[in-house]
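Biologist: I would be grateful for a close look at the aromatic pairs of this protein, set against the background of the whole chain. Please explain each step in a manner suited to a first-year student.

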Amino acid sequence: MTPPILPTLRPATRISLAALGLGLAATLAAAPAIEVRPAPLREIPSERPQTAPELVWIQGQDAIRSTAHRHGWYDSVRKSELAGGDWLSHFSSEPAEAVYEVPVPSSGTYHFWLRANPSGGARMEFRIDGGPWTAVDFSRPVQQVNIAADGQPDLRHVAWLDLGTIDLRQGRRTVRFRLTSPNNNHGGIDAFVFARDRFEPNYALRPGESSGLADPGKWAFEPPPDPLSEHALLDLRYLNHIPAGRHGFIGLSADGQSFVDGRGRPIRFWSGTTYVASGQTSVEDITRHGHFYAKRGINMVRYHGNLAPRGGNDFGRVNEQALDEIWRLVAGMKAAGIYTTLSPYWATPTPYRPEWGLPNPDHDNLNGLLFFDPKTQAGYRAWLRALFTRPNPYTGIPLKDEPAFAVFQIQNEDSLLFWTAQRIQGEAGALLRRQFADWLREKYGSLEAARRAWNGHTHEQDDFARGEAGLHMVWHLTQNATGGLQQRLSDQLEFTARTMHAFNAGIHRFIREELGAPQLINAGNWKTADDLRLLDAERWSYTANEVLGVNKYFGVTHVGERAGHAILRGDHYQARSALRHPRSLPTNIKHVIGHPMLVPESQWVPPNPYQTEGPLAVAAYSSLTGLDSFYWFTIGRGHEAPFGKWQTSTPAQQGMFPAAALIFRQGYLREGEPVVHEERRLEDIWQRRSSVLVEDPGFDPNRDAGDLPTELERTAGVDPLAFLVGPVRVRYDGDPARTRIADLDTFIDADEGVVRSNTGEIELDHRRGILRVDAPKAQAAAGFLGAAGTIRLSDVILRTENDYLALYVVSLDGEDLRTSRHVLVQAGTVARPYGYREEPATFTAGDREVRGHRITDLGSAPWNLDKNRAEISLRNEHLDRAVALDGNGDFLHEIPVRRHGTSLSFTFPEDALYVILR
């Protein structure tokens, strides 16, 4: 892109790091440290416990009679995803019926589960013996999988459905299913189950069963549904406040920069967005999912939904279904010790409906209206009144009094400074022009005075007689300008930012003063049409509230028919490691002084194969820079089968949470001293003058589908890799003369391609793609380690034949690794579905020709990981025992260890993620 020709700040003073960090050092010395909590020391069992629930399992294709008709297209599915390698399928102009004979071993109450196709308005009924016909409830599918042979996101899916409990008599019972879906009466039955004990679905596997399907050089990751046993050897639930909020509301530290719990103690959040409360999931089941999350280190979840009504004439009528989901989520997660962030409005999917009486924006959604339209704002406040003040029926108290509700996010991904603002036309556009005119009168005294300040510059939509001042398209704010146009654009930017700031401030007053709610408030999380010129204006508008945020993903170039939402056979992509592209790390954020900072949405976006680096990079650089919470988007309902665009509940990402969460939440890495302290005048922001250091644009898998955002050009000589050295901070409405930049040459070796943190604990060799973490309680390496030879850390020596590996060694008892008696060793490699195939290919992305890969086969469950080939040595005189764990942290088997003087050595199991050392 063309760099701006606007005046830049004079060169900022460069000073030593020690001088720059004096204020922070004093603050840190006075602030309480994060409380380090040791993990409970549970007894190691002598063998792996075996459990077999009492149940009757019937395959769909085993009907004794059936009128189902197979159809070539509908029946073209991946049979390996089906429980018995086949199913009963029907696609015809006539309904179908299937009859089964079921041997019931004893009379009693059974849980009834059905694995069937829930897609495309599926309709099915069942009948037991001579009982009534009962409709199958498809509203709550569990573990839904696309089984289409070609991977297309159409009708061909399968999922488990909980049909409740039913009393059955001993003997042979007759079960009938009737398939009557509107679309060609379609339907598919894979299996159904009657279980006396609690039944936990596990995709196509029966309880205690594993497929063992693994490609050469891989191992199959297929742990059973997590029993959440109290005997698990790896279980981080002890870190959580149970129930969440037991110590009071989450608040701010004395300097406003970070979070504290109700006792005033520092608290960090390892977080994720979840849809586990969608449908009618019970609070009990939500709590079970919460325990699953908490076991892996999560202590905050985010609800991302929409309180806007789905129809009707009253825009102020709250969406009762969404409200109930929120209530259930807060109640269920609270019991599991997990706090909640609520993000209850997103303009993009909210359609414009004339019957609501809102000003017509002349396009199909409500982007932008919330910031300036009084009618939209009135409806929104009505939703908030219901949200905050109506008693939660699952806890008995309103959310305003709920300490487990920690952060409220006003809206998601909307801004008057993003491209979507250009679509605001019609009545809504006229309203915004009138408000601009009113603002100009207040600033200049009259519209004619404003025109004189603009050297007579006019706009085609200027109509001063009607009190309207035209607004240039957002595109103009991204371009260089001079003279009258420049001043007019400066006024437009200031008006826009102040309009958003005023709205955020008004909602803050409404929540605090009218609703009486003390929860921390985050205004938004979005980017702009040009972050080089506009990001500081956007982020300043958030400072009306306590908490700031920005959604940033690490992505790959991915081109396909539905690349923003799905991964399909025939798609092209180019693999990408953040360790070789460090400017794209989603933790590279300029923090505003006096405000906590969140990343409310992020992940290492599939089909990127280099994902196991993500949790370590997030834990390391969040700790270094003071990032307060990073929300993985999205966390699912346990271990999820492959292969989705929005998955993080995989062995490559969720599987790496435990060690990463320990590092971050326990404060095992130190926060650095600021390397950039910038102070900006608001006038410089309105004039779109350059900041000394600007974040590169974040990647969004939908709006940036295909190509990646462009890295911004350096503006004032500050290397963007400064984000990897220490915190970068800014004060708005400050004194630019107080801007300070540390001498970064000691930490950034451009010749070698190495960046070191100013804490001395983190080193990134971005030329070779290797991240090293070396602290007393946590030592780790990730990236392309196979070519690096021996990795030597202070207490750990690692040798691996894996081309790509993430290896963590972390204290569980809070002691230094050298003296610890309880240590977690965690390893992660590349994860792909069984049978996944790709081939080298050249393709076009945006205006580039890219060398990458074409996906030729999506494969199927289970996840396959490259076998671990690693030797680890840890300097520690106290440890003498090593135990391999399964994906749930439960005992698998013991591992031989070797002693060499003061060090313990062992070979990491080729088919495990976790090893406990005692």
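Modeller: Let us begin with charge, before turning to the rings. The protein carries 99 positive and 111 negative side chains, and the centres of these two sets lie 1 Å apart. The model is a predicted one, and every value below is computed from it.

The background may be given briefly. The protein contains 13 helices and 48 strands. Its C-alpha trace spans about 90 × 75 × 55 Å along the principal axes. A compact globule of 918 residues would have a radius of gyration near 29 Å, and the 29 Å of the protein agrees with this. Of the 918 residues, 62% count as buried. The surface that the protein exposes amounts to about 32,700 Å², of which carbon and sulfur atoms supply 47%. If one takes the contacts between residues at least 6 apart in sequence, 76% of them join residues at least 24 apart.

We now come to the aromatic pairs. A search of the whole structure finds 51 of them. One of these is formed by phenylalanine 371 and phenylalanine 503, whose ring centres are 5.8 Å apart and whose planes stand at 90°, an edge-to-face arrangement. Phenylalanine 371 lies in the loop between strand S18 (339–343) and helix H5 (374–389), whereas phenylalanine 503 belongs to helix H9 (residues 483–514), so the pair ties together parts that are 132 residues apart in sequence. Buried means under 20% relative accessible area. Phenylalanine 371, at 4% relative accessibility, therefore counts as buried. Phenylalanine 503 counts as buried because its relative accessibility is 6%.

Helix H9 also takes part in another pair, that of phenylalanine 436 with phenylalanine 495. Here the arrangement is tilted, with 5.0 Å from centre to centre and 35° between the planes. Phenylalanine 436 sits in helix H6 (residues 426–444) and phenylalanine 495 in helix H9, so that this pair links distant parts of the chain, 59 residues apart. Phenylalanine 436 is buried, with a relative accessible area of 0%, and phenylalanine 495 counts as buried at 4%.

Ring pairs can also join into a group. In this protein they link Trp270, Phe554, Trp604, Phe630, Trp632, Phe657 and Phe664 into a cluster.

Another phenylalanine deserves attention for its backbone. A cis peptide bond, with omega of about 25°, joins proline 642 and phenylalanine 643. Phenylalanine 643 is located in the loop between strand S26 (629–635) and helix H12 (657–665). A cis peptide bond is also found between alanine 861 and proline 862, where omega is about 5°. Proline 862 is part of strand S42 (residues 860–866). As a general rule, most peptide bonds are trans, and most residues other than glycine have a negative phi.

With regard to phi, two residues may be mentioned. Tyrosine 203 is not a glycine, yet its phi is positive, at about 55°. The residue lies in the loop between strand S12 (187–195) and strand S13 (218–221), and tyrosine 203 is buried, with a relative accessible area of 13%. Aspartate 733 likewise has a positive phi, near 60°, in a residue other than glycine. Aspartate 733 is placed in the loop between strand S28 (728–732) and strand S29 (740–742), and its relative accessible area of 57% makes it exposed.

Finally, two loop residues show how parts separated in sequence can meet. Tyrosine 394, in the loop between H5 and strand S19 (405–409), is partly exposed, with a relative accessible area of 36%. Its C-alpha atom is 8.6 Å from that of glycine 332, although the two residues are 62 apart in sequence. Beyond its sequence neighbours up to four places away, tyrosine 394 touches Val283, Asp324, Trp327, Arg328 and Ala331.

Isoleucine 44 lies in the loop between helix H2 (22–30) and strand S2 (55–59), and at 11% relative accessibility it counts as buried. Isoleucine 44 and histidine 893 are separated by 849 residues in sequence, but by 9.8 Å in space from C-alpha to C-alpha. With neighbours within four places in sequence left aside, the contacts of isoleucine 44 include Leu233, Arg881, Val883, Phe891, Glu894 and Arg918.

Definitions and conventions: Residues are numbered from 1 along each chain as its sequence is written. This is a predicted model: local features need pLDDT of at least 70, side-chain atom pairs count only at pLDDT 80 or more; totals for chains, interfaces and linings use all residues. Side-chain values use heavy atoms; hydrogens and water are left out. Helices (H or I, at least four residues) and strands (E, at least two) are DSSP runs, numbered from the N terminus. The radius of gyration is taken over C-alpha atoms; the globule rule is 2.2 Å times the number of residues to the power 0.38. Buried means under 20% relative accessible area, exposed over 50%, partly exposed in between (1.4 Å probe, protein chains only). Contact means heavy atoms within 4.5 Å. Accessible areas come from the Shrake-Rupley method with a 1.4 Å probe; for residues, only the protein chains shown count as cover. Lys and Arg count as positive and Asp and Glu as negative; His and the chain ends are not counted. The place of a charge is taken as NZ of Lys, CZ of Arg, CG of Asp or CD of Glu. Rings of Phe, Tyr and Trp (its six-membered ring) pair if their centres lie within 6.5 Å; planes under 30 degrees apart count as stacked, over 60 as edge-to-face and the rest as tilted.
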